[in-house]
Amino acid sequence: MIKAKSVKFKYISYNLKLAFTIINTWRSGSLELLSLEIDKKDDVSYYNIISTLTNLQHKSMTATIYAQNDTYDKIIYNIDKLTDIDECRDEIISKINNIIKSYMMEEAFNYFEKSYFYFEDMESNSIKKIIEEEINSDIKINVILKVKIKEYLESSNVINVNGFVKFRLKFIKDYVQQIVEKCIDNYLIKKEYTDFISMLKYFSDDDTESKENINIMFNDGKLQIYNEDMEKISLISNVEFSEELEPSEIIYDESIINSIITISPKKIIMHLTKNYDNMDEISKNTIDIINKLFVDRIKFCMDCEYCKS
């Protein structure tokens, strides 16, 4: 109960402080909303930060940069209309959020380069792109950062961005490491899959002339192969062949793939439009592999009697 009163008193004190600030600054014709302290750095990233924080969208708000000392600069935001406080604060919070995400990206790249230095340049660039996309698309971290910033601004209208990250967002270090490791796993799985498809394609590229067309349908909860006369073809299962090629992370119908490779058809007609959404993961993975292996031989059917039935 004492703690609750303490928090309430703190909140009331802040509101009174804000109210006095509003009254005093309003007399001069504008309201000081809040200020940011940015650690000085003589590099491109620093000027990018300044540019981001001062490039404002809301017409009621202005940003002025003051050189405080050799350590940091201060950006003070003023607004012309009291009714625009919430909108302007949200814009600034969004900009701070973007700055923190840029910092997280930098931390993630540093961790990746230090811990996974053995990747070649092309692989490193691909993984960094995945890391960047993962951080930018992470809705949860966006929400967490905005909540943390808003909580801080409830007790102060001055925020040192670098200090805020260092002392209030200590979880970032663990977060970026998890992101990097997750992205590397995803990259390796994708690479393994690509290598797997390439190896399968080597076996599927038969120089002998293809003799027949085949039809693929999804019946009785699984994929099935039919000949030109829509007679079901017995599936060929070559366990040794499949075990040699199959990556552990990819689950597919090996008998279907082995049968198509063995038959080496002239054309593959897919009758799957109606049932695709109801397929299990194994069947969808199998279709994906077939599409990649026989891209020049595939025809998708949507309106034959078998598709409509």
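**Questions on a predicted model**

Trainee: Does Gln-57 count as buried or exposed?
Mentor: Buried means under 20% relative accessible area, exposed over 50%, and partly exposed in between, with a 1.4 Å probe and protein chains only. Gln-57 lies in the loop between α2 and β2; such helices (H or I, at least four residues) and strands (E, at least two) are DSSP runs, numbered from the N terminus. Because its relative accessibility is 60%, Gln-57 counts as exposed.

Trainee: What kind of model is this?
Mentor: Residues are numbered from 1 along each chain as its sequence is written, and side-chain values use heavy atoms, with hydrogens and water left out. Local features need pLDDT of at least 70, side-chain atom pairs count only at pLDDT 80 or more, and totals for chains, interfaces and linings use all residues; this is a predicted model.

Trainee: What percentage of the residues in the protein chain is buried?
Mentor: The secondary structure of the chain comes to 11 helices and eight strands. Of the 309 residues in the protein chain, the buried ones make up 41%.

Trainee: Which helix gives the most to the largest nonpolar core?
Mentor: A nonpolar core is a set of buried Ala, Val, Leu, Ile, Met, Phe, Trp, Tyr and Cys residues joined through side-chain atoms within 4.5 Å. The largest one here has 48 residues, and Leu-33, Leu-36, Tyr-77, Ile-100, Met-104 and Ile-131 have the most contacts inside it. At least two residues of this core come from each of β1 (31–39), α2 (44–54), β3 (72–79), α3 (85–115), α4 (121–136), α5 (139–153), α6 (161–168) and α7 (172–204). With 12 residues, the element that gives the most to this core is α3.

Trainee: How many residues does the other core have?
Mentor: Leu-36 is in contact (heavy atoms within 4.5 Å) with residues including Leu-53, Tyr-77, Ile-92 and Val-161, leaving aside its neighbours within four places in sequence. Apart from the largest core lies another, among whose members are Tyr-252, Met-270, Ile-287 and Ile-298; its number of residues is 25.

Trainee: Within what arc do the buried residues of α4 fall?
Mentor: Helix α4 has 16 residues and reaches 22 Å from its first C-alpha to its last, close to the 22 Å expected at 1.5 Å a residue; the expected span is 1.5 Å times one less than the number of residues. Exposed on the other side of α4 are Met-122, Asn-125 and Lys-129, whereas Glu-123, Ser-124, Ile-127, Lys-128, Ile-131, Glu-134 and Ile-135 are buried. Seen down the axis of α4, these buried residues line one face of the helix, because they fall within an arc of 130°.

Trainee: Where around α10 do its buried residues lie?
Mentor: The 13 residues of α10 (residues 281–293) should span 18 Å, which agrees with the 18 Å between its end C-alpha atoms. Its buried residues are Ser-283, Thr-286, Ile-287, Ile-289, Ile-290 and Leu-293. Because they cover an arc of only 160° around the axis, they lie on the same side of α10. Here the arc is that of the directions from the helix axis to the C-beta atoms, and the place of these residues is the same side of α10.

Trainee: Which residue caps the N-terminal end of α10?
Mentor: A side-chain oxygen lies 3.2 Å from the backbone nitrogen of Ile-282. The residue that supplies this oxygen, and so caps the N-terminal end of α10, is Asp-280.

Trainee: Which side chain is joined to that of His-271 by a polar contact?
Mentor: His-271 is found in strand β7 (residues 267–271) and is buried, with a relative accessible area of 7%. A polar contact is a pair of N or O atoms within 3.5 Å; within protein, one must be able to donate a hydrogen and the other to accept it, and residues adjacent in sequence count only if both atoms are side-chain atoms. At 2.8 Å, the side chain joined to that of His-271 is that of Asn-215.

Trainee: Does Met-230 count as buried or exposed?
Mentor: Met-230 has a positive phi of about 60° although it is not a glycine. The place of Met-230 is in the loop between β6 and α8 (239–245). Because its relative accessibility is 17%, Met-230 counts as buried.
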